[in-house]
Amino acid sequence: MATQAKEPPELENDPAQAESTARLRAVIGKLSRRLRPTVAGAGLTPSQTSVLFTVVRLGPLGLSEVAEIESLNPTMLSRIAGLLCDAGLIRRMADPGDRRAALVQATAAGRRMRERIHRERTQALSAHVSELGEQERQALWTALPVLETLAERLPARRP
């Protein structure tokens, strides 16, 4: 029988904090979904984009490492890696330490694609931030260090 996850004690005892935490989670998700579509990445799925970004940022990486980082099963990752290879965004190569294993590395085209996607997302966000009032912008900038700390504290993978 599956057990239901319990709320942390501080949320159980403070409905207002629980509500605010739920709102924060929802707004982060909404921002992420709304910033995801780009002209540069129009041919890529969110999973393909995420794998590409991971390989650009951390590569060369073993496929098993990418699967773990991205929380993907090996079969799905193999399909994604194949499509990214076919698109010329990453390349597969034999692992010099274990010829049976494969490494993936971003190509110059893959690095350029990541930069274009990042630039489009930053420009889209910037355009809308500029429409906020001065006090709203200042509140947003003031909250950045706290949001950065929170992002660092959250584990990369959840059980």
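Here is a quick tour of the largest pocket, the largest nonpolar core and the sheet in this predicted model.

Let's start with the pocket. Its volume comes to about 2,000 Å³, and 37 residues line it. Nearest the centre you'll find Ile-28, Leu-31, Ser-32, Leu-35 and Leu-125. Four helices each give two or more residues to the lining: H2 (15-35), H3 (46-58), H6 (108-129) and H7 (134-153). H7 chips in the largest share, with 11 residues. Here is how the lining splits by class:

| Class of lining residue | Count in the largest pocket |
|---|---|
| Nonpolar | 20 residues |
| Polar | 8 residues |
| Charged | 9 residues |

Next, the core. The largest nonpolar core holds 22 residues, and Val-51, Leu-52 and Leu-84 have the most contacts inside it. At least two residues apiece come from H3, H4 (63-70), H5 (74-86), strand E3 (98-106) and H6. H3 is the top contributor, giving 5 residues. What does Val-51 touch, once neighbours within four places in sequence are set aside? Its contacts are Val-66, Glu-70, Leu-72, Leu-77, Ile-80 and Leu-84.

Finally, the sheet. It's an open one, with 3 strands in the order E1-E3-E2 and antiparallel pairing. E1 (61-62) and E2 (90-95) sit at the edges with a single partner strand each, so one side of each has no neighbour in the sheet. E2 and E3 are joined by 6 bridges; in one pairing, Met-93 has Leu-103 of E3 as its bridge partner.

Terms used: Residues numbered from 1 in each chain as written. Predicted model: local features only at pLDDT ≥ 70, side-chain atom pairs only at ≥ 80, totals over all residues. Heavy atoms only, no water. 1 Å grid on protein atoms, 1.4 Å probe; cavity = no way out; pocket = protein on both sides within 12 Å on 5 of 7 lines; lining within 4 Å. Points joined across faces, edges and corners; volume = space filled by probe spheres on them. Nonpolar A, V, L, I, M, F, W, Y, C, P; charged D, E, K, R; others polar. Core = buried A, V, L, I, M, F, W, Y, C linked by side-chain atoms within 4.5 Å. Buried < 20%, exposed > 50% of the residue type's maximum accessible area, 1.4 Å probe, protein only. Contact = heavy atoms within 4.5 Å. Pairing = 2+ DSSP bridges.
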